[in-house]
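Reader: I should like a close account of one part of this model, set against the rest of the chain. Please proceed residue by residue, and keep the reasoning explicit where a classification depends on a threshold.

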Amino acid sequence: MSPAGGALSVALVLSHSGDTPPVTVPRDPAREAARDELSKGMYHEHDPSLLERALDALWDRGARLFGSASTVTPGGSVGLLVIALVILAIAAALWWRLGPPRRAPASSTSVPLFGNRPRSAAEHRAAAEAHAAQGHWNQAVQERMRAVVRALEERALLDLRPGRTADEAAAEAGRSLPAHTDRLRAAARDFDAVAYGGRSADKETYRRLAALDDDLEHTKPLHTDSTHSPARTARQGAAG
């Protein structure tokens, strides 16, 4: 039964009762009776839900905004659509070129290369190879870079300094091994990008670092004056 039919039935009930003369019902009671009748659940079974009403209101508001914008945009609705597509294309190009937002990397000048527990170069190499065998390239790259620096310390080409960073080690080692300066700096950048920059290493990154480690082992250092070699100065002071 429709709402109009219910209201009509109420009016008929109130107006007629059998063969008795029609009763004149005041307007306000009649309105209240019709409201009570229409408030019954049977009349609201197919009403839209709260979510549907909210979505309809949101859609109507968006349509009004779109209509208002199209009136001041050259080309009307078509022009507004073209502008929206251009903006989306620019955003997609930036996303493809720059990649998703990343957390800002920690400053490599404040993060030490080694942890609290000292390990030899051989131990770092063994750990790197174990990670590489499992395809854990991030850990393998970090351990191999530590092996490079530790090996230089063990050869007295770098002084022992627990708080040294990868960038500092590369810069200092480049003075004694100038032929490998660029590769040392590139290795330090790879280490920082993996350890602190949120990037992922791959097999090629590890292969370059392992090759650098092997080459350094067979490279004779360029001996400089003792005033420029902290490790040599420390050894001479201890000998004196």
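Author: Leu94 counts as partly exposed, because its relative accessibility is 49% and the exposed class begins only over 50%. The model is a predicted one, and every value given here is computed from it. Leu94 is located in helix H4, which covers residues 76–98. Together with Val82, Val86 and Ile90, Leu94 makes up a nonpolar patch on the surface. The accessible area of these four residues together is about 350 Å².

The whole protein provides the setting for that patch. Its accessible surface amounts to about 16200 Å², of which carbon and sulfur atoms contribute 60%. Of its 240 residues, 28% are classed as buried. The secondary structure consists of 10 helices and 0 strands, so that reading along the sequence gives the pattern α-α-α-α-α-α-α-α-α-α. When contacts between residues at least 6 apart in sequence are considered, 61% of them link residues at least 24 apart.

Helix H5 comes next. This helix runs over residues 121–133 and contains Arg125; Glu129 belongs to H5 as well. Beyond the residues up to four places away in sequence, Arg125 is in contact with Arg144, Ala147, Ala151, Asp213 and Glu217. With one of these, Glu217, the side chain of Arg125 forms a polar contact of 3.1 Å between side chains.

Glu129 has a relative accessible area of 41% and is therefore partly exposed. With the same exclusion of residues up to four places away in sequence, Glu129 touches Arg144 and Tyr206. The side chains of Glu129 and Arg144 are joined by a polar contact of 2.9 Å. Arg144 thus appears among the contacts of Arg125 and also among those of Glu129. The backbone offers a further distance for this region: the C-alpha atoms of Glu129 and Ala140 are 6.7 Å apart, although 11 residues separate the two along the chain.

Arg144, Ala147 and Ala151, which Arg125 touches, fall within the range of helix H6, residues 137–154. Is the geometry of H6 in agreement with its length, or at odds with it? At 1.5 Å a residue, the 18 residues of H6 should span 26 Å, and the C-alpha atoms at its ends are 25 Å apart, so the two values agree. As to its surroundings, 14 of the 18 residues of H6 are buried, and the helix is therefore largely enclosed by the rest of the structure.

After H6 comes Ala156, which has a positive phi near 65 degrees. Ala156 is situated in the loop between H6 and H7. The sign of this angle deserves attention, since the residue is not a glycine. Most residues other than glycine have a negative phi. Ala156 is classed as partly exposed because its relative accessibility is 23%, whereas the buried class requires a value under 20%.

Beyond this loop lies helix H7, residues 166–176, in which Glu172 is found. Glu172 counts as buried because its relative accessibility is 17%, which falls under the 20% limit. Apart from neighbours within four places in sequence, Glu172 has contacts with Leu158, Asp159, Arg161 and Arg164.

Terms used
Residues are numbered from 1 along each chain as its sequence is written. This is a predicted model: local features need pLDDT of at least 70, side-chain atom pairs count only at pLDDT 80 or more; totals for chains, interfaces and linings use all residues. Side-chain values use heavy atoms; hydrogens and water are left out. Helices (H or I, at least four residues) and strands (E, at least two) are DSSP runs, numbered from the N terminus. A polar contact is a pair of N or O atoms within 3.5 Å; within protein, one must be able to donate a hydrogen and the other to accept it, and residues adjacent in sequence count only if both atoms are side-chain atoms. Contact means heavy atoms within 4.5 Å. Patches are made of residues with over 30% relative accessible area and no salt bridge: like charges are joined within 9 Å, nonpolar side chains (Val, Leu, Ile, Met, Phe, Trp, Tyr) within 5 Å. Accessible areas come from the Shrake-Rupley method with a 1.4 Å probe; for residues, only the protein chains shown count as cover. A salt bridge is a side-chain nitrogen of Lys or Arg within 4 Å of a carboxyl oxygen of Asp or Glu. Buried means under 20% relative accessible area, exposed over 50%, partly exposed in between (1.4 Å probe, protein chains only). The expected span of a helix is 1.5 Å times one less than its number of residues.
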